[in-house]
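Thank you all for making time this morning. I would like to walk you through one structure slowly, strand by strand, so please keep the sequence and the picture in view while I talk.

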Amino acid sequence: QLQLVESGGGLVHPGGSLRLSCLASGFTLDQYDIGWFRQAPGKEREGVSCIESTGSSNHADSVKGRFTIDRDNAKNTVYLQMNSLKPEDTGVYYCAAVRGVRMRATITPCRASFEYDYWGQGTQVTVSS
């Protein structure tokens with residue numbers, strides 16, 4: 001059974017940091033493109049960061065310079081390091097996966113959400129003083 005499990009969310013003050021993990025089971029993560037998305041209450045889900053099976057990564061403009069994404073293939077895990085957190089970063093964060101060889105349907109730096117096949121259950125991130 002293919003599964004993604006996020007962890008690492010929590011409550012943090014503005015300016016703080018969190019590291020989210022996306023652990024894959026049932027498949028080898030290094031063959032997949034991974035995306036991180038978030039959804040705030042009353043808002044649409046938005047892409048945050050992504051890393052391709054090649055190792056290439058991209059970030060939304062709103063998090064560039066603050067978030068980094070990397071993968072540990074030995075642990076079958078992708079990490080999202082979030083620094084200098086702001087209240088507007090609050091939301092449920094999801095990771096998603098699609099095989100890297102799948103043809104792109106969009107030309108944006110990261111795949112659109114509809115391109116991903118597998119999703120985790122999400123982890124809550126709250127940035128508040």
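Let us begin with strand β4, residues 32-39, which is joined to strand β9 by 8 bridges, the two strands running antiparallel. Please keep in mind throughout that this is a predicted model. If you look for one particular pair across these two strands, you will find that Ile34 has Ala97 of β9 as its bridge partner.

Strand β9 has other partners too. It pairs with strand β11, residues 123-127, in the antiparallel sense over 3 bridges, and in that pairing Tyr93 is matched with Thr123 of β11. There is also strand β10, residues 118-119, which pairs with β9 over 2 bridges, again in the antiparallel sense, and here Ala97 stands opposite Tyr118.

How much of β9 is covered? Of the 9 residues in this strand, which spans 91-99, 7 are buried.

A good example from that strand is Ala96, which lies in β9. Ala96 counts as buried because its relative accessible area is 0%, and the cut-off for being buried is under 20%. Although Ala96 and Ile34 are 62 residues apart in sequence, their C-alpha atoms are 5.6 Å apart in space. Once residues up to four places away in sequence are set aside, Ala96 touches Leu4, Asp33, Ile34, Gly35, Phe37, Tyr116, Tyr118 and Trp119.

Now let me turn to the disulfides, of which the structure holds 2. In one of them Cys22 is bonded to Cys95, with the sulfur atoms 2.1 Å apart. This pair links distant parts of the chain, since Cys22 sits in strand β3, residues 18-25, and Cys95 sits in strand β9, 73 residues apart. The torsion about their S-S bond is about 75 degrees, and the disulfide is therefore right-handed. Both ends are covered, for Cys22 is buried at 0% relative accessibility, and Cys95 is buried with a relative accessible area of 0% as well.

Another disulfide is formed by Cys50 and Cys110, whose sulfur atoms are 2.0 Å apart. Cys50 belongs to strand β5, residues 46-51, whereas Cys110 belongs to the loop between β9 and β10, so this bond ties together parts that are 60 residues apart in sequence. Here the torsion about the S-S bond is about -85 degrees, so the disulfide is left-handed. Cys50 is buried, with a relative accessible area of 5%. If you number the bonded cysteines of the chain in sequence order, the pairing reads 1-3, 2-4.

While we are in the loop between β9 and β10, let us look at Thr106, which is found there. The side chain of Thr106 makes a polar contact of 3.1 Å with the side chain of Arg104, and it makes another, of 3.3 Å, with the side chain of Thr108. Beyond the residues up to four places away in sequence, Thr106 touches Arg111, Ala112, Phe114 and Glu115.

Let us return to Thr123, in strand β11. Is Thr123 buried or exposed? Its relative accessibility is 10%, so Thr123 counts as buried. A polar atom of the Thr123 side chain lies 3.2 Å from the backbone nitrogen of Gly9. Apart from neighbours within four places in sequence, the residues in contact with Thr123 include Glu6, Ser7, Gly8, Leu20 and Val92.

One more residue deserves a stop, namely Leu80 in strand β8, residues 77-82. Leu80 has 0% relative accessibility and so counts as buried. Among the residues Leu80 touches, not counting those up to four places away in sequence, are Leu18, Trp36, Val48, Phe67, Ile69 and Tyr93.

Finally, let us step back to the chain itself, which has 0 helices and 11 strands. Of its 129 residues, 42% count as buried. Among contacts between residues at least 6 apart in sequence, 58% join residues at least 24 apart. For 129 residues, a compact globule would have a radius of gyration near 14 Å, and the chain agrees with this because its own value is 14 Å. The C-alpha trace spans about 40 × 30 × 25 Å along its principal axes. The chain exposes about 6700 Å², and carbon and sulfur atoms supply 50% of that area.

Conventions: Residues numbered from 1 in each chain as written. Predicted model: local features only at pLDDT ≥ 70, side-chain atom pairs only at ≥ 80, totals over all residues. Heavy atoms only, no water. Buried < 20%, exposed > 50% of the residue type's maximum accessible area, 1.4 Å probe, protein only. Helix = DSSP H or I, 4+ residues; strand = E, 2+ residues; numbered from the N terminus. Pairing = 2+ DSSP bridges. Polar contact = N/O pair within 3.5 Å; in protein donor to acceptor, adjacent residues only side chain to side chain. Contact = heavy atoms within 4.5 Å. Rg over C-alpha atoms; globule rule 2.2 N^0.38 Å. Areas by Shrake-Rupley, 256 points an atom, 1.4 Å probe, with all protein chains shown as cover. Disulfide = S-S within 2.5 Å.
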